[in-house]
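Biologist: I should like to understand how the labels given to a structure are justified. May we go through some of them in turn?

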Amino acid sequence: MRLLESSKLSLFKFKACSLSSQVTPFGPFNSFVQKRWRKPIISAQTRLEDRTRDSNLDKLTTHLKKLDIILKLHVLMSSRKRGPFVSLQLMSRWRNLVGLNVGIGAFVHKYPHVFEVFTHPVRRNLCCRISKKMMGLIEEEADAMKQLELEVVHRVKKLLMMSVSGTLHLHALRLVRRELGLPVDFRESILGKYSKDFKLVDLEVVELISRDENLDAAEIEKWREKEFREKWLSEFETKYAFPINFPTGFEIQAGFRDKLKNWQRLPYVKPYDRKESVRIRTCGGIERYEKRVVGILHEFLSLTVEKMVEVERLAHFRRDFAMEGNVRELILKHPGIFYISTRRNSLTVFLREAYSKGCLIQSNTIYDVRRKMLDLVFLGSRNTREMPAQKEIKEFKVDGDGIMDGDWVIPMLENLENGS
């Protein structure tokens, strides 16, 4: 009997499996059969793929990445002791160091306003050096950083005031050095010079000695005050609000405006407030905690020179600013405040309110110089007829009194010209 019952159960299971495996075709007699609807998964990756694109900021990101490669090549070329020119054969070894996915020769010939390619008079190989226009702009940027030294000190102070422990790692500051307008030797020229404000706890940790009450107001407070005065809005509407600028083509779904209005009124712990952090499990804790992180990211981007930074570099400030969770997902939740560009295999976040048609609304001295560098990149191979003819290698000296190995070439060429 047991054997018969077990055989019946196995036959019943086999029939059920065979019926379930068969796909019922659509027809007039089975149109009432309902299929189960699965809710689409919403994650950071889906938000990134489905976001509304901003073509102006995407184009700007592409050109900024090219400029970054050019500046990396300049650093490598200037570190050579033989002089301000390098053979293309040697530069081809730097492709992976600077992140180039094309040949170095093709890249250099693409920007004749930035690079000067010439033939070595003795070795007869192709060499390259930075053009005079580009070198002048690089020196102008360094001078602008020296003139704005006090502003840079205030930026570092504000970052340390936002930190929970009042400390920051120097490695994190090095990663955002250009974004903050810091000089290359900021450890000695900024942190060491202003020892009354900063203190090096360890070799790689800087601490703020005393808080400056004049710097505890966030940049967004200026916008809130302006909205309160000019648009006659109530304090309830502007006290915790953020400027919202959606990209062109952004679809506003039903109920989105009401949710945004309630989120704008939601109170949160501001970046420079020395209160206890919001507990996530309390009433409205998740939304208030996320809004606090949005306020920190907004203030961080406001302190940068170009109001932009790579998302990967923000991860080095997560512990210091107590930003738990997925920062990229939080940025993608607020497309009216931030914009993420995925050009050139990296994620770059922009502050939307600071840009209009791909240009910074309120420019500064360092940004103006970098914009001139971008103009040389924009030119590409155009207007090359007006460029002066490239000269041969001239005499140049090292930092000391010695003269380089290629200096004997110049007298030899002069003797040949006199003889002819």
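Biologist: What makes Cys127 count as buried in this predicted model?

Modeller: Cys127 has a relative accessibility of 2%. Buried means under 20%, so Cys127 counts as buried. Cys128, at 0% relative accessibility, counts as buried by that cut-off.

Biologist: How do you know that Cys128 forms no bond with Cys127?

Modeller: A disulfide requires two cysteine sulfur atoms within 2.5 Å. The closest cysteine sulfur to that of Cys128 belongs to Cys127 and is 8.7 Å away, which is therefore too far for a bond. A search of the whole structure finds zero disulfides.

Biologist: Why is the aromatic pair of Phe242 and Trp263 called tilted?

Modeller: The ring centres are 5.7 Å apart, and the cut-off for a pair is within 6.5 Å. The planes meet at 35 degrees; under 30 degrees would count as stacked and over 60 as edge-to-face, so the pair is tilted. Both Phe242 and Trp263 are buried.

Biologist: Why does this pair tie together parts that are apart in sequence?

Modeller: Phe242 lies in the loop between α13 (235–238) and α14 (256–265), whereas Trp263 lies in helix α14, so the parts joined are 21 residues apart in sequence. Phe242 and Trp263 also belong to one aromatic cluster with Tyr240 and Tyr268.

Biologist: Which arginine lies over the face of Phe242?

Modeller: Arg224 does, at 5.3 Å from the ring centre; the distance cut-off is within 6 Å. Likewise, Arg129 lies over the face of Phe118, at 4.4 Å from the ring centre.

How values were computed
Residues numbered from 1 in each chain as written. Predicted model: local features only at pLDDT ≥ 70, side-chain atom pairs only at ≥ 80, totals over all residues. Heavy atoms only, no water. Buried < 20%, exposed > 50% of the residue type's maximum accessible area, 1.4 Å probe, protein only. Phe/Tyr/Trp six-rings, centres within 6.5 Å; stacked < 30°, edge-to-face > 60°. Helix = DSSP H or I, 4+ residues; strand = E, 2+ residues; numbered from the N terminus. Lys NZ or Arg CZ within 6 Å of the ring centre and 35° of its normal.
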